[in-house]
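Got your viewer ready? Please load the model below and keep the selection tool at hand.

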Amino acid sequence: MIRKFFQVALSGTVLLSSTAAANDYASDAEIQQYIETLTEMGFPAPKEDQLVHIPPTMEDLEDADIHPELKRVIRRGYDLFTNTQQLRGKNVFNNMNCSSCHLGAGRVPFSAPIWPAAVTLPDYRGKNGHVNTLEERIAGCFAYSMNGKPPAYGSDDMVALATYHTWLASGVEMYPKQSIYGRGFPAPERPGKLSYANGERLFQEQCAVCHQEDGSGLRVDGQTVYPALWGNNSNNWGAGMVRIFTAAGFIKNNMPLGQPHSLSDQQAWDIAYYMNSQERPQDPRYTGEVKETAEKHKNFHQHSMYGKIRESDGKLLGDHDNTGDKPFLKPDNLRPRSFE
Ligand code: HEC
Ligand code: HEC
């Protein structure tokens, strides 16, 4: 029965024989174990008809029966994903690695695992109003979350990243009809009122030890130890994380690091509200006027503090020309499409 509902690709755990290939399915017992571990940590159990997939690990890759050249490219994609700082100054202009937000190298549920993009795209995306490929989805995170410029479509770096995403989806059908368990950063229900003061206090108590009192994080020898939550070295105002519900979902499910679900829903929302009321590099879609930009991208910015007044000091957020370390506003290789 359960097998009917839970489709799982290679898990790489002890229950599988060493001959397992990437598109083998895990046993029912293994899926159950996976779900039990997550529910014990406070995550919800999957709904009956949800798709549950355990992405393969880099150890599984070594045993996989695929061409050695494909393995090499997947390893390169993994390396770029987890150490994106190697593209600093070229494609990345802040302190982020892709894995700063997509924890566990993009494999972890409730931390926006990246493999769903490989089986649900190409598809229409409201953010830019056209059909996007996997490469374009990756480009989006470069332009906004990395405050950068995406590697060219079809370039070695882009192909390596896309290949890594697709490998993690091994065994999942294309365009699955079921909803995907653990996709995105599911937000807890929004409380009636958000408190900036409470968010600030909780941030100083629970987060500043790693991310610093001023949210700037910690960098040692050119390596990011703790990523910046705001300021020049964080994501820009166009990134998904600036939506308060997305940040609340991320925080509730993932922070403080190693203690998911330790904060109440109210606490996660208050901290997200505080964190997202701080300044960061300009939205690459900036028209030169913050209120106009916020209005133009209302579907997105109705969920952020961009173009709104910070209650603690009356500051209009996002009202500046600062692009952080990036010497341009908008990458020149993001383009509209019309198929006309
Ligand atoms: C600042 C945090 C952050 C960083 C850094 C980041 N992302 Fe994301 N990413 C997000 C958010 C937020 C979403 C949207 C999740 C949602 O829909 O709730 C997302 C979504 C995605 C998706 C789509 C997942 C799906 O379910 O379809 C892919 C693929 C992705 N990111 C790839 C990348 C890559 C590649 C990098 C590095 C170049 C990167 N991300 C860096 C925050 C980040
Ligand atoms: C023990 C250290 C630690 C603590 C405490 C901690 N974090 Fe993090 N946080 C990290 C690390 C490390 C990452 C990046 C994950 C990675 O690189 O594997 C991260 C990533 C993040 C990110 C996504 C990347 C970014 O810069 O936007 C956010 C948002 C975040 N943390 C918020 C918080 C909040 C809010 C708290 C307090 C509730 C908190 N963290 C507490 C270590 C910590």
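What follows is a walk through this predicted model, one selection at a time.

**Stop 1: the two domains**

Start by colouring residues 2-168 as domain 1 and residues 189-340 as domain 2, the two parts into which the chain is divided. Put a marker at the C-alpha centre of each domain, and the two markers will sit 24 Å apart. Now select the contact between the domains: domain 1 brings 25 residues to it and domain 2 brings 31. On the domain 1 side, the touching residues are made up of 11 nonpolar, 12 polar and 2 charged ones.

**Stop 2: ligand 1**

Next, pick ligand 1 and show what surrounds it. The shell has 27 residues, and the closest are Cys98, Cys101, Cys141, Gly184 and Gly240. Helix 5 (115-120), helix 6 and helix 7 are the elements that each supply two or more residues to this shell. Which helix gives the largest share of the shell around ligand 1? That is helix 6, with 4 residues.

Colour the shell of ligand 1 by class and you will find 15 nonpolar, 10 polar and 2 charged residues. Then switch back to the domain colours: domain 1 and domain 2 each provide at least three residues of the shell around ligand 1.

**Stop 3: helix 7 and its two partners**

Stay with helix 6 (residues 134-143) and add helix 7 (residues 156-168) to the selection. Their axes are 10 Å apart and the packing angle is about 105°. Angles of 65 to 115 degrees count as roughly perpendicular, and helix 6 and helix 7 are therefore described that way. To see the contact itself, show Leu134, Glu135 and Ile138 from helix 6 with Met158, Leu161, Ala162 and His165 from helix 7. This contact consists of 5 nonpolar, 1 polar and 1 charged residues.

Keep helix 7 on screen, hide helix 6 and bring in helix 4 (residues 68-82). Here the axes of helix 4 and helix 7 are 7 Å apart, at an angle of about 100°. Helix 4 is therefore roughly perpendicular to helix 7. The helix 4 side of the contact is Val73, Ile74, Arg76, Gly77, Tyr78, Leu80 and Phe81, and the helix 7 side is Asp157, Val159, Ala160, Leu161, Thr163, Tyr164 and Trp167. Sorted by class, these are 10 nonpolar, 2 polar and 2 charged residues.

**Stop 4: ligand 2**

Now centre the view on ligand 2. It has 22 residues around it, of which Cys207, Cys210, Pro227, Met255 and Pro256 come nearest. Helix 9 (208-211), helix 10 (244-254) and helix 11 each give two or more residues to the shell, with the largest share, 3 residues, coming from helix 9. Are there charged residues in the shell around ligand 2, and how many? There are none: the shell has 17 nonpolar and 5 polar residues. Both domain 1 and domain 2 contribute residues to the shell, so ligand 2 lies between them.

**Stop 5: helix 10 and helix 11**

From ligand 2, select helix 10. Is helix 10 largely enclosed or exposed? Of its 11 residues, 10 are buried, so the rest of the structure largely encloses helix 10. The buried residues are Ile244, Thr246, Ala247, Ala248, Gly249, Phe250, Ile251, Lys252, Asn253 and Asn254. Helix 11 is part of what covers them.

Now add helix 8 (residues 196-206) beside helix 11 (residues 265-275). Their axes come within 7 Å and cross at roughly 95°, so helix 8 and helix 11 are roughly perpendicular too. Show Tyr196, Asn198, Gly199, Glu200, Leu202 and Phe203 in helix 8, which meet Gln267, Asp270, Ile271, Tyr273, Tyr274 and Met275 in helix 11. Their classes are 7 nonpolar, 3 polar and 2 charged.

**Stop 6: tryptophan 237**

For the last stop, go to the loop between strand 4 (223-226) and helix 10, where tryptophan 237 lies. Tryptophan 237 counts as buried because 29 C-beta neighbours fall inside 10 Å. Leaving out neighbours within four places in sequence, the contacts of tryptophan 237 are Val242, Arg280, Pro281, Gln282, Asp283, Tyr306 and Gly318. To finish, draw a distance from the C-alpha of tryptophan 237 to that of glycine 249, 12 residues along the chain, and the label should read 18 Å.

Key
Residues numbered from 1 in each chain as written. Chains lettered and ligands numbered in written order. Predicted model: local features only at pLDDT ≥ 70, side-chain atom pairs only at ≥ 80, totals over all residues. Axes fitted to C-alpha atoms, helices over the stretch in contact; angles between N-to-C directions. Parallel < 35°, antiparallel > 145°, perpendicular 65-115°, else oblique. Contact = placed C-beta atoms within 7 Å. Nonpolar A, V, L, I, M, F, W, Y, C, P; charged D, E, K, R; others polar. Domains from an automatic or database assignment. Near = placed C-beta within 6 Å. Buried ≥ 20, exposed ≤ 12 C-beta atoms within 10 Å, placed from the backbone.
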